[in-house]
Amino acid sequence: MELVYKYNDLESRNRTDLLDEKGSLRYWGIYDFAYKYRTRIFDENDNEVAYVQKDVSVNEDVVIFYDAAGNETGRLTRKDGTLLLEPDGKVYEGDRKNGMIKDLLCIKEGSLSFDQEEDMLKSVMVLFALVEIDR
C-alpha cells in the first residue's frame, strides 16, 4: 500500500495530507504550535488518532509516539547516529526524504509505502517523527 503527500508541506510543518492510491484522504498531520516539538495526526474524519513528540527532557534524541488518549505506543530514538524504532528494535536507514525500515516501510520523497494495512498508522507516525527528531 502507498500513501502520497507533498514533501514541502511535511518539511515546512504545514498541514500534510496523506492520500491513498485513489486520491482519498487517509491521514493528515500538522505541527502543534501550542506544544513545541509535537505533530498531531488525524484520520480522514478529522479525529485525532495519535501524535508524536520530541522529548527534550532527556539527553538523547527521542520522539515518542502516543495514541489519542496520550498513552505511549513506541519511540524513534537516535543512538550513535542510528535511528531505532522501539520497541520493535528495527533500524531506519536513510533520511527524511528517502529511507526504509526493513519489513515495515519505505519512504521516497512524497511517498510512504508499507506492506500491511495494520502498519499504516505506525508508518505515518514514523514519517512525522523523522521531522521532529531533527529539530
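# A guided tour, ring by ring and strand by strand

A search of the whole structure, which is a predicted model, turns up three aromatic pairs. Let's begin with two of them.

**Stop 1: Tyr31 and Phe33.** Select these two residues and show their side chains. Their rings form an edge-to-face pair, with 4.8 Å from centre to centre and 85° between the planes. If you wonder what those two values are for, a pair of aromatic rings is described by the distance of the centres and the angle of the planes. Now switch on a surface. Is Tyr31 buried or exposed? Its relative accessibility is 10%, so Tyr31 counts as buried. Phe33, at 67% relative accessibility, counts as exposed.

**Stop 2: Tyr51 and Tyr66.** Next, select this second pair. Here the rings are stacked, 4.7 Å centre to centre with 20° between the planes. The pair links distant parts of the chain: Tyr51 belongs to strand β5 (residues 48-54) and Tyr66 to strand β6 (residues 61-67), 15 residues apart. Tyr51 counts as buried because its relative accessibility is 11%, under the 20% cut-off. Tyr66 is buried too, with a relative accessible area of 18%.

**Stop 3: two arginines over rings.** Pick Arg15 and Trp28. Arg15 lies over the face of Trp28, 3.9 Å from the ring centre. Then pick Arg38 and Tyr35, where Arg38 lies over the face of Tyr35 at 4.1 Å from the ring centre.

**Stop 4: strand β8 and its neighbours.** Colour residues 82-86, which make up strand β8. Which way do its side chains point? They alternate: Leu83 and Leu85 point to one face and are buried, whereas Thr82, Leu84 and Glu86 point to the other and are not buried. This follows a familiar pattern, since in a regular strand the side chains alternate between the two faces of the sheet.

Now add strand β7 (residues 72-79), which pairs with β8 in the antiparallel sense over five bridges. Look for Lys79, whose bridge partner in β8 is Thr82. The hairpin of β7 and β8 has two residues between the strands, and Asp80 there takes a positive phi near 50°.

Then add strand β9 (residues 90-94), which runs antiparallel to β8 and is joined to it by three bridges. Leu83 of β8 has Tyr92 as its bridge partner in β9. Three residues lie between the strands of this second hairpin, and Gly89 in the turn has a positive phi of about 75°.

**Stop 5: helix α2.** Select residues 120-133. This helix has 14 residues and reaches 20 Å from its first C-alpha to its last, close to the 20 Å expected at 1.5 Å a residue. How many of its residues are buried? The count is 12 of the 14, so α2 is largely enclosed by the rest of the structure. Among the buried ones are Met120, Val124, Phe128 and Glu132.

**Stop 6: the nonpolar core.** Finish inside. The largest nonpolar core has 31 residues, and those with the most contacts inside it are Leu18, Phe65 and Leu112. Elements that give two or more residues to this core include α1 (7-12), β5, β6, β8 and α2. Which element gives the largest share? It is α2, with 10 residues.

Centre the view on Leu112 for a last look. Among the residues Leu112 touches are Met1, Leu3, Tyr5, Leu18 and Ile107, along with Ser123, Val124 and Leu127. Val124 and Leu127 are also among the buried residues of α2.

How values were computed
Residues are numbered from 1 along each chain as its sequence is written. This is a predicted model: local features need pLDDT of at least 70, side-chain atom pairs count only at pLDDT 80 or more; totals for chains, interfaces and linings use all residues. Side-chain values use heavy atoms; hydrogens and water are left out. Helices (H or I, at least four residues) and strands (E, at least two) are DSSP runs, numbered from the N terminus. The expected span of a helix is 1.5 Å times one less than its number of residues. Buried means under 20% relative accessible area, exposed over 50%, partly exposed in between (1.4 Å probe, protein chains only). Rings of Phe, Tyr and Trp (its six-membered ring) pair if their centres lie within 6.5 Å; planes under 30 degrees apart count as stacked, over 60 as edge-to-face and the rest as tilted. A charge sits over a ring if NZ of Lys or CZ of Arg is within 6 Å of the ring centre and within 35 degrees of the ring normal. Two strands pair if DSSP finds at least two bridges between them. A nonpolar core is a set of buried Ala, Val, Leu, Ile, Met, Phe, Trp, Tyr and Cys residues joined through side-chain atoms within 4.5 Å. Contact means heavy atoms within 4.5 Å. Lists of a residue's contacts leave out its neighbours within four places in sequence.
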